[in-house]
Amino acid sequence: MGKIVAIGGGEINLKETFLIDEFIVDFSEKANPKLLFIPTASGDSQTYADTIQKVYGEKLKCSVDVLNLINSNLSPAMIEYRILTADIIYVGGGDTLKMLEIWRSNYIDNYLLEAYHKNIVLAGLSAGSICWFLKGHSESDEVYNSKGNWDVDEPKGIGIIPAIHCPHYNEKGSETFDKSMKSSSIPGIAIDNNCAFVIMDNKYRIIKSDPENKVYLFNNIRGVTEKKELVSEKYIPLSEIF
């Protein structure tokens, strides 16, 4: 059992992902779900937390809790409790590498795997979508700001989805993902902003808040990269792509 909504990107405060946000709430199958927001990648940004409260709390009627991990003195037992009693866990965007480092030092990866098996909805965008995959093609804020290009490191996620993931695929810099897939031994999932790759149990589907944007599957077959758009709005078996 498990539910994941991996969003390529988009400005939640501008309501660019609002159709996807509505889906996430409905996906929980609760009237007023408890949503736990994890803003580690943004440095526990209060502004980001306020935006989540406005969208998911005020507009979508969730009970919003925020799990701040930076400079926190929360015990492992309290962190585990807050994760495993949520109906939805939403991971915010930002610096993927730093987020995953902090997570692993606090056993967050283990708790999220347990949440997946408890059928808690796991969602997020950018860094918050990379984390569900084996690894990600990500931009680090520090590298991007100083050198003007994408991070060459591949953040290692918690590995629920057996692929490498590129968010923001319709933004500048994503062409490096196409190049990296030429030597990849695992499949790739590239997601444009305002699109989401959804998993329910052993099935997947695609949802969009912008019909023009897309999701792509990459496979390296004997040195030849195959790229195809994933378009299904109905659930189909994951075994068809992985």
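The buried residues of helix H1 are Phe18, Ile20, Asp21, Phe23, Ile24, Val25 and Phe27. I should state at once that this is a predicted model. Seven of the ten residues of H1 are buried, so this helix is largely enclosed by the rest of the structure. What, then, covers the buried residues of H1? The cover includes helix H2 together with strand S1 (3–7), strand S4 (88–91), strand S5 (121–125), strand S9 (195–200) and strand S10 (203–208). Just after H1, glutamate 29 adopts a positive phi of about 60°.

Let me take the partner helix next. H1 spans residues 18–27 and H2 spans residues 46–59; the two pack at an angle of about 55°, and their axes are 11 Å apart. An angle between 35 and 65 degrees falls in the oblique class, and H1 and H2 are therefore oblique to each other. The crossing in which H1 passes H2 is right-handed. On the H1 side the contact is made by Phe18, Asp21, Ile24 and Val25, and on the H2 side by Val55, Tyr56 and Lys59. Sorted by class, this contact comprises five nonpolar residues, no polar residues and two charged residues.

A second helix pair may be set beside this one. Helix H3 (residues 76–84) and helix H5 (residues 108–117) pack at about 30°, with 9 Å between their axes. Angles under 35 degrees count as roughly parallel, and H3 and H5 are therefore roughly parallel to each other. Their crossing is right-handed. Which residues meet here? From H3 they are Pro76, Ile79, Glu80, Ile83 and Leu84, and from H5 they are Ile108, Tyr111, Leu112, Glu114 and Ala115. The contact of H3 with H5 divides into eight nonpolar, no polar and two charged residues.

I now turn to the sheets. Eight strands form an open sheet of mixed pairing, in the order S3-S2-S4-S5-S1-S9-S10-S13. Its edges are strand S3 (63–66) and strand S13 (236–237), each of which pairs on one side only. At the S13 edge, S10 and S13 pair in the antiparallel sense over two bridges. Lysine 203 has proline 237, in S13, as its bridge partner. Several strands of this sheet, among them S1, S4, S5, S9 and S10, also belong to the cover over the buried residues of H1.

There is also an open sheet of five strands, again with mixed pairing, in the order S6-S7-S8-S11-S12. Strand S6 (133–136) and strand S12 (224–229) are its edge strands, each pairing on one side only. Neighbouring strands in this sheet are turned by 30° against each other on average, with direction ignored.

Within that order, strand S8 (residues 188–191) deserves some attention. How does S8 pair with each of its neighbours, parallel or antiparallel? With strand S7 (residues 161–166), S8 pairs in the parallel sense over three bridges. With strand S11 (residues 215–221), S8 pairs in the antiparallel sense over four bridges. Two residue pairs illustrate this: histidine 165 stands opposite isoleucine 189 of S8, and alanine 190 has tyrosine 216, in S11, as its bridge partner.

In a regular strand, side chains alternate between the two faces of the sheet. In S8, Gly188 and Ala190 point one way while Ile189 and Ile191 point the other way, and all are buried.

Is glycine 188, in strand S8, buried or exposed? At 0% relative accessibility, against a cut-off of under 20%, glycine 188 counts as buried. Leaving aside residues up to four places away in sequence, glycine 188 touches Ile164, Phe177, Met181, Tyr216, Leu217 and Phe218. By contrast with these contacts, the C-alpha atoms of glycine 188 and glycine 128 are separated by 17 Å, and the two residues lie 60 residues apart along the chain.

My last residue is asparagine 194, which lies in the loop between S8 and S9. This loop runs from a strand of the five-strand sheet to a strand of the eight-strand sheet. At 9% relative accessibility, asparagine 194 counts as buried. With residues up to four places away in sequence again set aside, asparagine 194 touches Gly9, Gly10, Glu16, Thr17, Ile20, Lys208, Ser209, Asp210 and Asn213. One of these, Ile20, returns us to the starting point, being among the buried residues of H1.

Key. Residues are numbered from 1 along each chain as its sequence is written. This is a predicted model: local features need pLDDT of at least 70, side-chain atom pairs count only at pLDDT 80 or more; totals for chains, interfaces and linings use all residues. Side-chain values use heavy atoms; hydrogens and water are left out. Axes are lines fitted to C-alpha atoms, for helices over the stretch in contact, and angles run from 0 to 180 degrees between N-to-C directions. Angles under 35 degrees count as roughly parallel, over 145 as roughly antiparallel, 65 to 115 as roughly perpendicular and the rest as oblique. A crossing is left-handed if the near helix is turned anticlockwise from the far one by less than a right angle, and right-handed if clockwise. Contact means heavy atoms within 4.5 Å. Ala, Val, Leu, Ile, Met, Phe, Trp, Tyr, Cys and Pro count as nonpolar, Asp, Glu, Lys and Arg as charged, and the others, Gly among them, as polar. Buried means under 20% relative accessible area, exposed over 50%, partly exposed in between (1.4 Å probe, protein chains only). Two strands pair if DSSP finds at least two bridges between them.
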